[in-house]
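Work through the exercises below with the sequence and the model at hand. Each task is followed by a solution in steps.

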Amino acid sequence: MAIPSIPMVDFSCFFRKDDGNGIGKQKIIDEVGKACSEYGFFQVVNHGVPLDLMNRALELSETFFELSMEEKLKCSPISTLNPAGYGRMGSYIGNNERLRMCAPGSSCNVFPCSPTGYRKTMEEIFKEFEKVSELVESIINEFLGLPTGFLGQYNNERTRDTMIAWHYPPATDITSNGRDEHQDSNCITFVLQDDVVGLEVKKDKQWIPIPPVKGSLVVNIGVILQVLSNKRFEAARHRVVKHRGRSRNSIVFFNLLGTDKWVEPLPQLTREIGEAPKYRGFVYKEFIEVRGKAAAVNPPSREDLTGVDVYEISTKED
Ligand SMILES: O=C(O)CCC(=O)C(=O)O
Ligand SMILES: [Fe+2]
């Protein structure tokens, strides 16, 4: 049986002045909506993030992760509560590594002096990711038939957004595990991958590889949009499998919600059209706490498996 592939969408008409009567944009809105409903994933080209900036960010990240451990550890988070900085998954050398950053200008950011220009490049691409995430959010807003600008006004705290540069050393005989199967706990995620395969999405119990395509970004839906959309969209489960011969670098941008936000299936997609909500409402930070507690019980790498199922309203009759 042929392995299906996730849809590729071209956003160029959103950057042209001559889209006639908007037919081109409507086609893209429909394609994005269909991809989010069927896969929770798509790839996008002509998204507005400059290609040379994407290449530079990946190259500089690769150079950073090649530095000595002593140098990299100088970028450790400034406190245990600090989200930004260098970290390894597990304690042994050769394991997956990451450099996490908060919004440019945030006092929690820790950047290396070398390679030169790394900080500037990462801050630049962070800003570009913010723009493309606002565009995708507005496309989703249209597809769901919400009042113009509704999702943008609801999800209006950009200071919480996060970006992670990942480095996955090659697979060994002991492990090929890059990231365990998980759902993202945010609204929308953007992945810039280098040319090494590894990212996979689960669809109908089958793992579908997401091939690297030069100049493209991978977009995936997080659990918050799954709840808001009353499960019209699924936050697909995905994982990273390490390559046998090569290391892989990616830069992942997470569009996150303010921690005090109330999350529930939107009334426009439930009450107002006579549809039963599939989830109970919750405050976003409550969900983060639930996940944190689960992580304390389960091995930490399984943390992301805890989804929003705990808020699901059972439709079975007792
Ligand atoms: O590195 C990647 O391609 C994806 C990583 C990922 O799924 C995540 O950080 O949530
Ligand atoms: Fe993820």
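**Exercise 1.** Find the residues in contact with glutamate 200, leaving aside its neighbours within four places in sequence.

Solution. Contact means heavy atoms within 4.5 Å. By that rule glutamate 200 meets Trp207, Ile208, Pro209, Ile210, Arg237, His238, Arg239 and Val241. Next, place the residue: glutamate 200 belongs to strand S8, residues 199–203. Strands (E, at least two residues) and helices (H or I, at least four) are DSSP runs, numbered from the N terminus. Then look at the side chains: those of glutamate 200 and arginine 239 form a polar contact at 2.7 Å. A polar contact is a pair of N or O atoms within 3.5 Å; within protein, one must be able to donate a hydrogen and the other to accept it, and residues adjacent in sequence count only if both atoms are side-chain atoms. Finally, glutamate 200 counts as buried because its relative accessibility is 15%, where buried means under 20% relative accessible area, exposed over 50% and partly exposed in between (1.4 Å probe, protein chains only).

This is a predicted model, in which local features need pLDDT of at least 70 and side-chain atom pairs count only at pLDDT 80 or more, while totals for chains, interfaces and linings use all residues. Residues are numbered from 1 along each chain as its sequence is written, chains are lettered from A and ligands numbered from 1 in the order in which they are written, and side-chain values use heavy atoms, with hydrogens and water left out.

**Exercise 2.** Decide whether glutamine 193 is buried or exposed, and find its polar partners.

Solution. Glutamine 193 is in strand S7, residues 188–193. Its relative accessibility is 9%, so glutamine 193 is buried. Its side chain makes a polar contact of 2.8 Å with the side chain of arginine 248. The side chain of glutamine 193 also reaches the backbone oxygen of isoleucine 210, at 3.1 Å.

**Exercise 3.** Which side chains place an N or O atom 3.2 Å and 2.8 Å from an oxygen atom of ligand 1?

Solution. The distance of 3.2 Å belongs to histidine 238. The distance of 2.8 Å belongs to arginine 248. A polar side-chain atom of histidine 182 lies 3.0 Å from an oxygen atom of the ligand. The protein covers 98% of the 290 Å² of accessible area that ligand 1 has on its own; such areas come from the Shrake-Rupley method with a 1.4 Å probe, and for residues only the protein chains shown count as cover.

**Exercise 4.** Describe the surroundings of aspartate 260.

Solution. Aspartate 260 sits in the loop between strand S12 (248–255) and strand S13 (262–263). It is exposed because its relative accessible area is 54%. Beyond four places in sequence, aspartate 260 touches Val283 and Lys285. The side chains of aspartate 260 and lysine 285 make a polar contact at 2.5 Å. The C-alpha atoms of aspartate 260 and glutamate 286 are 8.8 Å apart, with their positions 26 residues apart along the chain.

**Exercise 5.** Check the length of helix H4 against its expected span.

Solution. The expected span is 1.5 Å times one less than the number of residues. H4 has 26 residues, so it should span 38 Å, and its end C-alpha atoms, 37 Å apart, agree with that. Glycine 145 follows H4 and has a positive phi, near 70 degrees.
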